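Here's a quick tour of a two-chain model, written for someone who likes to know the cut-offs. Have the structure open as you read.

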Amino acid sequence: MTLKATRALLVSALATFTLGLSPVVSADETCYSPYMAKIVGQEDFMYIWTLGVQGLGDEQDKLVTVDVNPSSKTYGKVTNSLSVGGRNEAHHSGFTDDRRFLWAGGLDTSTIFIFDVHSDPAKPKLVRTITDFVAATKGVVGPHTFYAMPGRMLITGLSNNQDHGGRSGMAEYSNEGEYLTTHWMPTDDALEGAAKSGKIADGYSYDVRVQPRLNVMLTSSFTGWNNYMMNLGKMMGDAEAMKRFGNTVVVWDLHTRKPKKIFDVPGAPLEIRCAWGVDHDYCFTTTALTSKIWLIHRDGNGEWQAKAVADIGDAAKIPLPVDISISADDTRLWVDTWNDGTAHLFDISDPHAPKKIYSQKIGEQLNMVSQSWDGKRVYFTSSLLANWDKTEGPEGDVQYFKAYDWDGKALKPRFNVNFVAEKLGRPHQMTAGAYALFAKAPTAARTGLAARE
Amino acid sequence: MRNRLLYAVLASLLIVSCTLDAHEDMHGGTQRTAPAADGFIAPIPGSYELPVVSAAADGAVLDDTGATSSLHAIYDERIVLLSFVFTHCVDPDGCPLASFVLSQVGRQVLRDPALRSSVRLVTFSFDPVRDTPAVLAAYAKSFRRPEMDWKFVTTKDEAALAPILASYGQTIQRDPDGYAFSHQLRVFLLDSQGQIRNEYSAAYLRPEVVLADLKTLTLATPDPTPIKPQSHLARAGDDKTGYENHDYQTQSRAISARGAFPRTPLNFDAPPLGLPPFSALNGPVPLPSHAALGRRLFFDRRLSHNDTIACASCHLPDQGFTNQELKTPIGIEGRSVKRNAPSLFNVGYQHRLFHDARESRLEQQVWGPLLAMNEMGNPAVGFVLDKVTGLADYAAEFARVFPDQGITMETLGAALAAYQRTLVSGNSVFDRWYFGGDTAALAPSAQRGFELFRGKARCVACHTIDKTFALLTDRELHNTGLGFERSMRKKPASDVIVGPGLVMNLKAEASAGLNEPPVNDLGRYEVTQEPSDRWKFRTPSLRNVAHTAPYMHDGSLATLADVVRFYNQGGIANEGLDPKIAPLYLTNLEIGELVAFLNALTGDNLEALTRDAFAQPIGDRH
């Protein structure tokens with residue numbers, strides 16, 4: 001018996017033993033971040049990283065806390081708002097692995113704000129601001145995904161300080177906020193051992209997800225500062241600008257952080273979500289410009305492959321798929337399309353042939369989606385980018401945070417926070433908080449906390 | 001109840017596992033890259049870096065004999081694998097896993113002479129109340145072979161524990177039953193200097209990974225892979241030439257290639273062939289010290305209000321000192337700029353600056369973009385000067401270069417102007433043929449193009465050639481009809497490229513609700529308010545024109561052939577159309593010959609100018 005087999009036996013025997021008590025004791029979270037504390041019960045708060053808007057309220061970026069516990073007196077209300085100064089193109093955020101701190105980034109100024117969300121989960125505190133990200137990383141601009149690793153944060157960038165284009169890299173920081181290292185996305189003159197499976201090695205960057213049990217990391221690719229900061233209508237009329245979107249997904253050796261294989265995935269593959277099942281060796285991404293679901297999977301020979309597996313709407317209308325969210329049992333995938341403000345649900349039981357089973361218009365525009373661990377509560381926000389967002393539409397449907405219940409057949413509205421009427425700004429990424437994470441949980445590993453993104 | 005049952009199962013499994021080591025297949029030095037049965041591919045030791053995370057903190061501890069010690073004494077300048085556990089823990093992905101993996105690693109360490117002499121295992125209990133030295137010693141017996149270098153430690157009480165846990169980022173909560181702790185498993189890898197080099201949670205804690213890391217710490221750090229030498233630095237690093245075609249291939253350049261090449265001093269003794277004498281410059285011949293300071297400012301993103309945009313963000317050295325990737329540039333906070341960023345090649349010879357010729361000297365001109373709310377967005381001159389004064393890397397440099405003046409509106413302008421005046425580029429193939437008498441220099445098709453240029457196509461009427469030099473601009477302003485067209489008859493594009501060779505004809509829904517900003521531009525009229533100046537723009541020089549796409553004041557024409565075709569049709573008719581512009585009746589062959597001529601106007605120093613620029617680090621917030 002080999003050592004690995006022994007360990008597998010150890011872990012699987014214990015997992016089997018505890019199966020009735022907790023759904024995924026032995027499995028790590030593979031889609032949000034492995035081994036981050038999970039909320040499996042009722043989340044208490046949503047922390048919404050919100051972009052400041054000129055002429056609205058105090059005009060600056062802020063972390064908005066909304067009470068989402070139905071048993072609370074302030075359910076559905078904004079209970080806290082923490083302004084951070086300036087407009088930084090507030091975008092994504094992510095917890096450290098112990099879920100005690102929330103890191104939130106600005107794509108424009110490359111400033112990173114670190115909030116303490118454990119001392120008082122109802123009132124996050126700004127405890128550190130990283131202002132030298134570009135200089136420290138030797139040129140990465142636009143910190144995007146904040147992905148927890150043991151004791152450190154992996155931060156993808158979207159751009160660089162030389163041409164403000166899409167070539168970029170990933171930085172690592174310690175949980176304490178100290179810069180550790182930079183990994184550039186592979187380019188033709190610096191493939192770092194990666195094999196081009198097609199014709200493209202654009203060096204672009206966007207999201208990152210890992211599969212520790214396979215020692216694999218995946219990255220996707222979007223576009224640089226010039227484009228994500230530019231007016232969207234202007235950009236669509238600029239043929240050169242439209243050539244500057246990412247067309248790659250890269251498979252990496254997770255442990256060594258070396259790129260291994262570059263896939264041609266045309267049309268800006270954005271969010272990556274990996275399946276949870278311990279024998280589900282695949283991840284999904286969607287392409288913003290070509291409106292497709294792509295499957296990145298390990299084939300029977302152990303080789304990673306990429307293929308388009310479904311269409312999302314009519315590509316000629318540029319529905320612009322943005323955020324996606326996978327269910328805990330790997331059978332459902334929410335896909336938001338920003339341009340028509342619609343949430344789509346795909347049956348992904350057969351990952352090679354996703355089928356759309358439900359669509360619902362949520363608002364004038366739609367970006368992020370988050371669901372509770374049991375999939376019964378689904379949350380949406382509207383904003384994509386300061387200069388891409390639409391500004392006209394029905395009251396409460398332009399910039400919003402909306403909560404729904406999902407009964408397996410339809411979305412039932414629960415509440416809507418109108419971020420324009422509340423003078424807050426434009427809501428972007430949501431992350432869930434809970435009192436139970438820091439006080440009432442029996443053990444973090446056993447309860448397996450976490451609302452999934 | 002559950003805990004006790006789990007513990008029983010766990011204990012039995014651990015006993016089983018402890019008897020298995022004889023058959024393990026992890027011999028030292030074996031480099032395995034094929035996936036294991038569960039798909040895991042182990043890393044190759046020494047093939048990667050383990051950056052220093054932080055210094056591992058010290059603290060007073062007790063060992064399993066009851067002796068007092070300190071963590072640093074326990075580490076003893078060895079490579080250390082350190083786990084934080086409590087012995088009553090039964091979580092299968094928690095402490096037992098850590099101790100199990102450490103025991104497996106320990107067995108492999110014993111077999112590897114290099115590791116055996118340098119590696120120590122340390123298990124730290126954060127339950128000093130229950131895990132007395134005696135309990136620790138009993139726990140150690142379950143995992144530790146006598147010959148293993150494995151220390152088990154705890155603290156004398158909870159007061160001594162707290163600072164150690166805080167410094168290692170360990171959060172523990174005693175469960176309500178008082179029996180167990182809620183914690184996140186964390187194992188640390190320390191190098192022999194007592195620095196944390198890696199951390200593992202349950203998901204990452206595999207013996208083969210830990211062993212690879214231990215071996216990596218005993219090996220020399222690999223040299224970074226050298227960037228392949230590039231002979232085309234003057235080409236955009238993210239070149240998308242041919243993107244319209246399905247067979248497009250990237251030729252992307254690494255971001256880290258910038259600065260990878262030594263600076264070669266620019267030759268600035270005399271103007272290159274084809275350019276006027278330096279006496280014709282729009283200001284003083286640049287002093288090297290002024291130009292060096294100006295170059296630093298030019299590439300500093302902190303010169304914008306929110307530290308995001310440098311002069312070089314829109315005038316990129318590898319993109320012809322314009323921006324080839326946008327029709328018109330993007331300013332601070334993504335604000336739209338309505339005119340194409342003009343190339344800065346030979347800008348020292350321009351006496352009328354900006355597309356509408358509203359400025360006369362470079363020293364003054366630089367303040368335009370610095371203060372424009374849709375460019376670098378600074379609120380005031382004084383704000384810029386105060387900010388630069390506050391940047392540690394500038395005050396001393398200004399004092400040295402401008403000893404009696406320091407940082408002023410004039411000196412900052414003078415430095416930036418000096419750098420821009422060094423961007424002189426001539427001695428092109430055309431220059432060597434026309435001014436240098438090298439009759440073989442210019443290809444026959446380009447020679448025919450030149451005859452068209454000064455003949456049938458009448459380009460020379462505005463893109464002038466003098467007896468001894470050619471700036472290829474009359475420095476005047478003209479209405480070609482392009483501005484009129486944009487103001488009066490704008491029509492939205494419906495074809496959009498969405499990937500290599502993927503052009504999509506958009507439906508109306510694609511752009512419904514998107515708010516494109518108004519792009520009206522009345523040209524020189526905006527300066528003079530003279531109706532006859534509507535839609536007049538300055539004639540650009542054609543030097544290096546092959547490297548300064550996109551073309552025209554609004555960047556609306558992508559290629560030189562598009563430009564020639566625009567003039568071939570006689571521009572666009574409007575009331576103020578310049579009388580020099582009329583249909584040319586050029587054939588396609590002639591259009592090609594004209595483009596061949598324009599391609600012969602590229603100077604001989606683009607690589608040198610780019611290399612000089614790339615040697616300057618980008619200025620960013622520290």
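What follows covers the ground rules, the chain interface, the domains of chain B and the nonpolar cores.

## Ground rules

This is a predicted model, so to speak: local features need pLDDT of at least 70, side-chain atom pairs count only at pLDDT 80 or more, and totals for chains, interfaces and linings use all residues. Residues are numbered from 1 along each chain as its sequence is written, chains are lettered from A and ligands numbered from 1 in the order written, and side-chain values use heavy atoms, with hydrogens and water left out.

## Where the chains meet

Chain A puts 116 residues into the contact and chain B 121, contact being heavy atoms within 4.5 Å. About 10,300 Å² is buried between them, with carbon and sulfur atoms giving 56%; buried area is the accessible area (1.4 Å probe) that two parts lose on being put together, summed over both.

Six salt bridges link chain A and chain B, each a side-chain nitrogen of Lys or Arg within 4 Å of a carboxyl oxygen of Asp or Glu. B:Lys507 pairs up with A:Asp314 in a salt bridge, with 2.4 Å between the closest N and O atoms. On chain A's side, helix α1 (residues 3–18) gives the most to the surface touching chain B, with eleven residues; helices here are DSSP runs (H or I, at least four residues), numbered from the N terminus.

## Domains 2 and 3 of chain B

Chain B splits into domain 1 (2–218), domain 2 (278–426 + 607–614) and domain 3 (429–505 + 519–602), with bounds from an automatic or database domain assignment. The C-alpha centres of domains 2 and 3 of chain B sit 26 Å apart, and each of the two gives 27 residues to their contact.

That contact buries about 2,100 Å², 47% of it from carbon and sulfur atoms. B:Lys338, B:Arg352 and B:His355 supply 26% of the area domain 2 buries against domain 3, more than any other three residues. There are five salt bridges between these domains. B:Lys338 also meets B:Asp521 in a salt bridge at 4.0 Å, N to O.

## The nonpolar cores

The largest nonpolar core (buried Ala, Val, Leu, Ile, Met, Phe, Trp, Tyr and Cys joined through side-chain atoms within 4.5 Å) has 81 residues, and B:Phe298 is among those touching the most other members. Buried means under 20% relative accessible area (1.4 Å probe, protein chains only). Helix α13 (residues 409–421) of chain B gives the largest share, six residues. Domains 2 and 3 of chain B both contribute, so the core lies between them.

Methods: Buried means under 20% relative accessible area, exposed over 50%, partly exposed in between (1.4 Å probe, protein chains only). Helices (H or I, at least four residues) and strands (E, at least two) are DSSP runs, numbered from the N terminus.
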